[in-house]
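Hi,

Here is the structure I promised to pass on. Have a look at it first, and then read my notes below.

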Amino acid sequence: MAAEKLRDLSQPIDVPLLDATVSAFYGTGSKEERSAADQILRELQNNPDTWLQVVHILQNSQNLNTKFFALQVLEGVIKYRWNALPIEQRDGIKNYISDVIVQLSSNEASFRRERLYVNKLNIILVQVLKHEWPARWKSFIPDLVSAAKSSETICENCMAILKLLSEEVFDFSRGEMTQQKIKELKQSLNSEFQLIHELCLYVLSASQRAELIRATLATLHAFLSWIPLGYIFESPLLETLLKFFPMASYRNLTLQCLTEIAALQFGDFYDMQYVNMYTVFMIQLQVFCCLAPGTNIPDVYANGSSEEQAFVQNLALFFTSFFKSHIRVLESTAENRAALLMGLEYLISISYVDDTEVFKVSLDYWNLLVLELFEAHNTMDNPAATAGMMGLQILQRRQLYAGPMSKLRMLMICRMAKPEEVLIVEDENGNIVRETMKDNDVLVQYKIMRETLIYLSHLDHEDTEQQMLKKLNKQLSGEEWTWNNLNTLCWAIGSISGSMAEEQENRFLVMVIRDLLNLCEITKGKDNKAVIASNIMYVVGQYPRFLRAHWKFLKTVVNKLFEFMHETHPGVQDMACDTFLKIVQKCKRKFVVTQVGENEPFVSELLTSLPVTVADLEPHQIHSFYESVGHMIQAESDPVKRDEYLKRLMDLPNQKWAEIIGQASQRVDILKDQDVIRTVLNILQCCWLSWHLFFPQISVIFLDMLTVYRMYSELVSSSIAEGGPYASKTSYVKLLRSVKRETLKLIETFLDKAEDQPHIGKQFVPPMMDPVLGDYSRNVPDARESEVLSLFATIINKYKGVMTEDVPRIFEAVFECTLEMITKNFEDYPEHRLKFFSLLRAIATYCFPALFQLSSQQLKLVMDSINWAFRHTERNIAETGLNLLLEMLKNFQASDFCNQFHRTYFLTIVQEIFAVLTDTFHKPGFKLHVLILQHLFCLLDSKSLTEPLYEASAVAYPYSSNSMFVREYTIKLLSSSFPNMTIVEVTQFVNGLFESRNDLPSFKNHIRDFLVQSKEFSAQDNKELYAEEAAAQRERERQRMLSIPGLIAPSELQDEMVDS
């Protein structure tokens, strides 16, 4: 009954009843009452007429949560329906909100009591301003400033409103307002800032109220990043801020304001003012803030209050902002240079503070400074640049920064973050354990630190080498021995790989590896040895160039890795196998030639002792080992030797396989034994990891493998048929399916990489049709392997048009039965989804004529499945669907079926693409949505489409062209989808699409602006709409990094580092 009463909005809402409902929702009632209250409040929120009751609710409610609920309803109307409201209603809301704010903030007691409520009202007012100001509320700023002068509490709240307005326009506007609206608001704020400026100065000079002064400083902080510089440097503002800096209660806010000023860059006009500001600041820092040069800032931070810790963080921000923009000015005179070096000392000391956020701030700046010095140092290699004054200036700058850079090298070495390859870490209890989860923040930090240290190394290789060797000697002597010190040092040594000249790198590494091996010998304790082992493995893995040039070191290191493979301490064996693989990939030729002083190639020696080497390894580690040896064997150019090595490598697995198949021929049930199934699985995984050698190997086991596949498939099907869906979760069925999946993966990889394609295709593809395809269609859904889909996608991608005649058979086996599995919802069978659409894309790309053989019903199924794909919220699936659709559209445009296809599907595709483009779940597909729409709109006037897209009998009047028809259709479609937008706005958007369709950047920007204007996108994070631009920037950055030695680690380079 109460619910019905609240739902009836034809009369004033019962506010006490609404208060009770809101209270029930926030927990005073039972679970059932909460659920019922939630239902009622949702209905009220979604009712388009509820907002008309807002004033009545605000005036009569006694419950703050009810008032917030009413304001939430009002905010929705302001954001999404404001322009559709009559002018009287807009003015009514505007005046009411303003009056309530003034009324509550004019009285100290009510202002403090209702602070949360007033804050929410301020937010509502700013939402109104984004629509009304400046065009329909020109007097807003003068009105606000005038009201602020009437009372100190009103003034404090006016400051809060101005701060919110500045943040909305300058910080949060991208993706929330159109580019034109942002520009208009920025111009208005700029032109009216004088009044705000005068008000702020007046408050700071006249007021004694701490709350008001703090609010004014916070507002200034929001404004300082964009106001004209004259307001800062040609008025008493900067002087006033520097006076407030020594006062402890305002120090942090003032420092934030000074940081904003320090970050501004507008040429050299105000250079002297900046020097003066920095000089006064440094004096005040030492005199009033008790931070004399040489103060141990990490200790101050560790023992300080939260205010003092915030001060250290703000100090880091100030120095980094000032130096980023104005460091050159401070290099000009001896006095300024002394102040600059003191500032850098402070920043280095702050960089040792044990706080991630503080360190990130400092690190970002060090990275920029060192890059700038490196680029200048790089020009020294150019004789033209070093001639005359310019060369002298570069040398003087290098000398000026030599001291701080040396200290910075030590900082980077002492604080180096953990690289991804290191698997052995210290846990919170001080135990050495295997890492279970990667910390992405640490990896990002490592990347920046590594880059910074490489630039530092280029600036002075000698100092870098000396500092590292000195630290290493202190590890050996025990003077600085700790796990952390050794770790950071070795991570730093590994990170500069490739940055030194080869001769220097060789000399340096001989000492490093020798010392680390000695350290491993002399140190006692399992945990200690595990840490040293981890560091040896990390360092050697980073220097493939050195190992290739020094066979004895390479052999010693590999034998050391074999030792570590018997060490059962958590993580050591894994890291040994990973490092072995990494080294082999970069040095594989060295292992297959007979080196000086050796009787046979290392690979032969290794194969002889292989059973002993892998004796203590787990199956997954053995697989890694086999993969490594497979890479070695691949490097052997003599096919006879290669086959002999392969035979020796696969001796153990082949013997086991022959034994199992022999026993199975006597008694087939042996294949059902779980230990036998595990052995079969391990053999297949060893084969898969060394696929590049395996034509001889796979020929041996191929037909037996298909027999085992068929048998295991039948076992899986019967288990699931008997035990129901839960049977698929049993360990037995999972094991059987693992064998099936490994078989499919092995065949797929082999066919994909095989060189003698036609011969191999004829030999291997036909025998698979029934055991694999037939088995897939016959099986129950839970027993179908998604790898079947990716196998046939690979076959079609590899053999292309040759497979066209097989497509109907593939369709028949997998199409309808897979669609039934994946179209019931968006969650079940995730692997099948992606692989199914990848198969479909392969068919559309290489066997497109096969689609003409489909019946209209089958083609409709294909198109429906593509729609299903791009409506998917899983990004990979949606993207595959969109790429597939784009390829289909291009192929059909070039075919004889262009008119027929587009008459059937054009409008459906337009409707479906607009549906995903304008909801908020599919933003990552924005680039492809735009390309598809552009293709469709350009197609309308192309010569390919020669018939009308509409039935003449089904339209009210004849259209002069397809463009005219589609224009009208799109306007109707979008008008019905966006009732909050006027027909004029929608028409303008659609006309813009047709005008800009031949210019992709304009077309894309036009759609972005429309999305931001629309209800769904205006309150969202819209960075996905700009993803394409971000990707282009990443590629430019990679090219830059490739040009600097060591910046991309030698171990990460692909073909450039393959040994000869």
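I'll start with the cysteines: a disulfide here means a pair of cysteine sulfur atoms within 2.5 Å. By that rule the count comes to zero disulfides. Keep in mind that this is a predicted model.

Why does Cys587 have no bond to Cys577? Cys577 holds the cysteine sulfur closest to that of Cys587, but the two are 17 Å apart, and that is too far for a bond. As for whether they are buried or exposed, Cys587 is buried, with a relative accessible area of 0%. Cys577 counts as buried too, because its relative accessibility is 2% and the cut-off for buried is under 20%.

Now the chain as a whole. It has 1060 residues, and 53% of them count as buried. The fold is made up of 53 helices and two strands. Measured out along its principal axes, the C-alpha trace spans about 100 × 90 × 65 Å.

Two helices are worth a look on your screen:

- Helix 17 covers residues 271–287 and includes Ile283. Together with Val287 and Phe288, Ile283 makes a nonpolar surface patch of about 300 Å².
- Helix 48 runs over residues 898–918, which is 21 residues. From first C-alpha to last it reaches 28 Å, close to the 30 Å expected at 1.5 Å a residue. Helix 48 also bends, by about 50°, at Tyr905.

That's what I have for now.

Cheers

Note on methods. Residues are numbered from 1 along each chain as its sequence is written. This is a predicted model: local features need pLDDT of at least 70, side-chain atom pairs count only at pLDDT 80 or more; totals for chains, interfaces and linings use all residues. Side-chain values use heavy atoms; hydrogens and water are left out. Buried means under 20% relative accessible area, exposed over 50%, partly exposed in between (1.4 Å probe, protein chains only). Patches are made of residues with over 30% relative accessible area and no salt bridge: like charges are joined within 9 Å, nonpolar side chains (Val, Leu, Ile, Met, Phe, Trp, Tyr) within 5 Å. Accessible areas come from the Shrake-Rupley method with a 1.4 Å probe; for residues, only the protein chains shown count as cover. A salt bridge is a side-chain nitrogen of Lys or Arg within 4 Å of a carboxyl oxygen of Asp or Glu. Helices (H or I, at least four residues) and strands (E, at least two) are DSSP runs, numbered from the N terminus. The expected span of a helix is 1.5 Å times one less than its number of residues. The bend at a residue is the angle between axes fitted to the seven residues ending there and the seven starting there.
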